[in-house]
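Please open the model in your viewer and keep the selection panel at hand. The tour begins with the chain as a whole and then moves to a single residue and its surroundings.

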Amino acid sequence: MNAKTINDKCLIKNFSIKDAEEFFLSINDKKYRAKQLFIWLYEMNIDSFSLMTNFSKPLRSFLNDKFYISPLTLEQRLISKIDGTEKYLFKTRDNLFIESVLIKNEKKDDGRITICLSSQVGCAMGCRFCQTSLLGFKRNLEVAEILDQISQIRRISGLRNNNIVFMGMGEPFMNYDNVLKASEIMNYSFGLHISVRKITISTCGIKHGIEKFMDEKRPFNLAISLNDTLSEKRKKYMPVEKKYPISEISDLLNYKQPSSRNRLTVEYVMRKDNISSDDAKRIKKIFPSNRIILNLIAINSGDHGIEPPTEEEIEAFIKECNIMNLSTIFRKSMGADIKGACGQLSGSIEKGKK
């Protein structure tokens, strides 16, 4: 069991169901209390042990003395006037800041409600087009801190999301164990009720993490951030290319993917200088399998000094990708007016550098 002690109290949302069962048995209580606990924490989404009415008063008091339910506190909630996207700024118990995003009805007809989660405070990857990189790396988020983003957003917004993407602050595969444990808990039928097919973990290309994910036959969706088809250009925008070249990542995926049930999404942030017909041909060469989905989004205007492409240039590139028989999805940027879009999360620049 690992509940992470803070100020002599622990984070109860760090518990898996097995952890919780072991805990209740250790205090001479019943094993089934674990399932009851998870229903209260995630299905009922309570924020106080006093509300757990099928627990005795002494047990509720004991849990309250020993555990925190919520390791995060809300600092700010912003709602886009353009598309209704919501951005949440949370403070951790050690006074650090992270951001999460609620995206409503990305496609009007599918009823999808997505929460974009952060997995780290800051990030060490240094991607040039990402505001999180300006913070550097502070620390990994605990399982409880990942899950509490969902709990708090559901409680505050009144909406029950049915889709999760790990595309917020941080590199998920540099916090592999906590991200995967949190994803497993999301899938519990007596909790958050999120299908494994509705949980996507995105990585900039951490080779050992991808290989471990594949070898463990994890059922969640995998997304790879490509963003450039030439190694030298990719190094300029994504320093991870120096250690884990995309050629090695594609070789690994092309070898492992045929035996995997995972859907592979290739994320591609479009700039003026990476959307030629040759780029489309190289994407097909890098990922020859027809099982990939190419997720296209235009780079957002920001402090990175990179000019976004025009609508005409985007349409032309999509046509080139279709000629290459690539299955493409063009994703509209959501929440740009509140700096909640792709690459814009910064913990409000770590809450004004505190």
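The radius of gyration used here is taken over C-alpha atoms, and the rule for a globule is 2.2 Å times the number of residues to the power 0.38. Select the protein chain of this predicted model: because a compact globule of 354 residues would have a radius of gyration near 20 Å, the 21 Å found for the protein chain agrees with that expectation. With the C-alpha trace displayed, its span along the principal axes is about 70 × 45 × 40 Å.

Next, switch to a cartoon view, in which the protein chain shows twelve helices and 15 strands. Among contacts between residues at least 6 apart in sequence, 67% join residues at least 24 apart.

Now turn on the surface, where the protein chain has an accessible area of about 15,700 Å², with 50% of it belonging to carbon and sulfur atoms, while buried residues account for 56% of the 354 residues. If you colour by charge, you will find 56 positive and 43 negative side chains, and the centres of these two sets lie 3 Å apart.

Then select asparagine 163, which lies in strand S10, a strand covering residues 163-166. Is asparagine 163 buried or exposed? Its relative accessible area is 7%, so asparagine 163 is buried, the cut-off for that class being under 20%.

Finally, display the residues around asparagine 163: leaving aside those up to four places away in sequence, asparagine 163 touches Arg112, Ile113, Thr114, Ile115 and Lys198. With threonine 114 there is a polar contact between the two side chains, at 3.0 Å.

Key:
Residues numbered from 1 in each chain as written. Predicted model: local features only at pLDDT ≥ 70, side-chain atom pairs only at ≥ 80, totals over all residues. Heavy atoms only, no water. Helix = DSSP H or I, 4+ residues; strand = E, 2+ residues; numbered from the N terminus. Buried < 20%, exposed > 50% of the residue type's maximum accessible area, 1.4 Å probe, protein only. Contact = heavy atoms within 4.5 Å. Areas by Shrake-Rupley, 256 points an atom, 1.4 Å probe, with all protein chains shown as cover. Lys, Arg positive; Asp, Glu negative; His and termini not counted. Charge placed at Lys NZ, Arg CZ, Asp CG, Glu CD. Polar contact = N/O pair within 3.5 Å; in protein donor to acceptor, adjacent residues only side chain to side chain.
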